[in-house]
Amino acid sequence: MKRFLAVTAILLGLALSGCGSEPAEKAKPAAPEAQAEPTVLTVMTHDSFSVSAEVIAEFEKANNAAVKFLRTSGSGAGLNQAILAKGNPLADVFVGVDSTFFSRAVESGIFDPYASPALADIPDSLRLDPENRLTPVSFGDVCLNYDKKWFADKGLTPPATLEDLTKPEYRDLTVVENPATSSPGLAFLLATVSAFGEDGYLDYWKALAANGVKIADSWKSAYWGDFTAASDGTRPIVVSYASSPAAEVFYAEKKPAEAPTAAVLGPLTGFRQIEFAGVLSGTGKPELARKFIDFLLSRSFQEDIPLQMWVYPANVHAELPEVFQLHAKALDVPASLDPKAIAEGRERWIEAWTTTVLR
């Protein structure tokens, strides 16, 4: 019996041992997970909006998104289109509401409130909407620029105030843009309303017209067609941006040590334009749209703004490029008007200006 048990144990052991010696089946590699298609985020903006491709790619990669830009002919025209599409938005986010259209934008009811955590890095002076329907993204100062060489050659002191332009020594020297057709032109008109009041700005424009001011339809025609520093024109004073001297250096074939132009930066001589962005009500992608607002305030996007659009970033922690640090300066005391006053007076002021200056 003992021998039978021993033989059985040996056979059983061999059997078990034999089972264990069979080669294990190789584990099959797991099939890779299918990559979800990127979610398309449509951003409505004006035709001057610009951003580096690699910066947008950062947002797309981080959020598995594809950003599609829907460009319009201008800030005001784009806002009108967005308002007409209320309830059935053409896009998920709108970027580029100008401060001159601020009241119209927030009162239209086309933007959802969103308080981005990044607003902590934006100064209060740019945050005009307590309900956070519009988020400030950038700002630029529209002001007088002059040709430094022209004034040095003539031995004439450049203008320092708005009133200087009405003096005999500055006759036929200035070109400005039509406020009915040009955003900088409208900003400069608002600067004069702020500086001289609603009762006095037309008298100022009468004096300017009597002193030979030239009116151009657009910034391009004024700057590239009439301004002596940038064209064969005859006008050494033009309405442009406080950052324009930095652009003159940046785009020069041979980088000059000093900008050939300068901006007039005295108190109330220029108007600060702020650009805003907002989430359009009715978007089917509200979470992704809010992430895009956060991204617009990130240092990555904000530090891309100056050399793309030649305005200042809203984020106080964004580092300015060297050419801005050396050759651009924002106004210390810009002219300003309450957004509600602009909404109520804009068309009336433009019509009165047209009657006074053009007719």
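Biologist: A residue counts as buried when its relative accessible area is under 20%, and as exposed when that area is over 50%. The model here is predicted. What percentage of the 359 residues of the chain counts as buried?

Modeller: Apply the cut-off of under 20% to each residue. Over the 359 residues of the chain, the buried share is 48%.

Biologist: How many helices and how many strands does the chain have?

Modeller: Both kinds of element occur in this chain. The count is 14 helices and 11 strands.

Biologist: Is the chain compact or spread out, judged by its radius of gyration?

Modeller: The globule rule gives 21 Å for 359 residues. The chain has a radius of gyration of 31 Å, well over that value. Its C-alpha atoms fill a box of roughly 135 × 50 × 30 Å along the principal axes. The radius is well over the rule, so compared with a compact globule the chain is more spread out.

Biologist: Take contacts between residues at least 6 apart in sequence. What percentage joins residues at least 24 apart?

Modeller: Start from the contacts in the chain that span at least 6 places in sequence. Then keep those that join residues at least 24 apart, and the share is 73%.

Biologist: What percentage of the area the chain exposes do carbon and sulfur atoms supply?

Modeller: The chain exposes about 18,000 Å². Of this area, carbon and sulfur atoms supply 55%.

Biologist: Now the charges. How far apart are the mean positions of the positive and negative charges?

Modeller: The chain has 32 positive and 45 negative charges. Take the mean position of each set, and the distance between the two is 6 Å.

Biologist: How many salt bridges does the count come to?

Modeller: Side chains of opposite charge can pair when their charged atoms come close. The cut-off for a salt bridge is a nitrogen of Lys or Arg within 4 Å of a carboxyl oxygen of Asp or Glu. By this rule the count is 15.

Biologist: Which side chain meets Asp92 in a salt bridge?

Modeller: The N to O distance of this pair is 4.0 Å. Asp92 sits in the loop between helix H3 and strand S3, and its partner is in the loop between strand S10 and helix H10, 193 residues apart. Asp92 is buried at 7% relative accessible area, whereas the partner is partly exposed at 29%. That partner is Lys285.

Biologist: How far apart are the closest N and O atoms of Lys167 and Asp164?

Modeller: Lys167 is partly exposed at 35%. Asp164 is buried, with 9% relative accessibility. They form a salt bridge, and the closest N and O atoms are separated by 2.8 Å.

Biologist: Which side chain meets Glu303 in a salt bridge?

Modeller: Glu303 is partly exposed, at 31% relative accessibility. Its partner is partly exposed too, at 42%. The N to O distance is 2.7 Å, and the partner is Arg299.

Biologist: Which residues are linked with Glu131 in a network of salt bridges?

Modeller: Glu131 belongs to a network of salt bridges. The residues linked with Glu131 are Asp129 and Arg133.

Biologist: Does Val238 count as buried or exposed?

Modeller: Val238 is part of strand S8, residues 237-241. Beyond four places in sequence, Val238 touches several residues, among them Cys143, Val175, Tyr223 and Phe227. Its relative accessibility is 0%, which is under the 20% cut-off, so Val238 is buried.

Biologist: Where does Asn178 lie?

Modeller: Asn178 is buried, at 8% relative accessibility. Leaving aside neighbours within four places in sequence, its contacts include Gly185, Asp217 and Trp353. Asn178 lies in the loop between strand S6 (174-177) and helix H6 (183-196).

Biologist: What is the phi of Asn64?

Modeller: Most residues other than glycine have a negative phi. Asn64 is found in the loop between helix H2 and strand S2, and is partly exposed at 27%. Asn64 is not a glycine, yet its phi is positive, at about 45°.

Biologist: And what value is the phi of Trp310 near?

Modeller: Trp310 sits in the loop between helix H12 and strand S11. At 12% relative accessibility, Trp310 is buried. Its phi is positive although Trp310 is a residue other than glycine, and the value is near 60°.

Note on methods: Residues are numbered from 1 along each chain as its sequence is written. This is a predicted model: local features need pLDDT of at least 70, side-chain atom pairs count only at pLDDT 80 or more; totals for chains, interfaces and linings use all residues. Side-chain values use heavy atoms; hydrogens and water are left out. Helices (H or I, at least four residues) and strands (E, at least two) are DSSP runs, numbered from the N terminus. The radius of gyration is taken over C-alpha atoms; the globule rule is 2.2 Å times the number of residues to the power 0.38. Buried means under 20% relative accessible area, exposed over 50%, partly exposed in between (1.4 Å probe, protein chains only). Contact means heavy atoms within 4.5 Å. Accessible areas come from the Shrake-Rupley method with a 1.4 Å probe; for residues, only the protein chains shown count as cover. Lys and Arg count as positive and Asp and Glu as negative; His and the chain ends are not counted. The place of a charge is taken as NZ of Lys, CZ of Arg, CG of Asp or CD of Glu.
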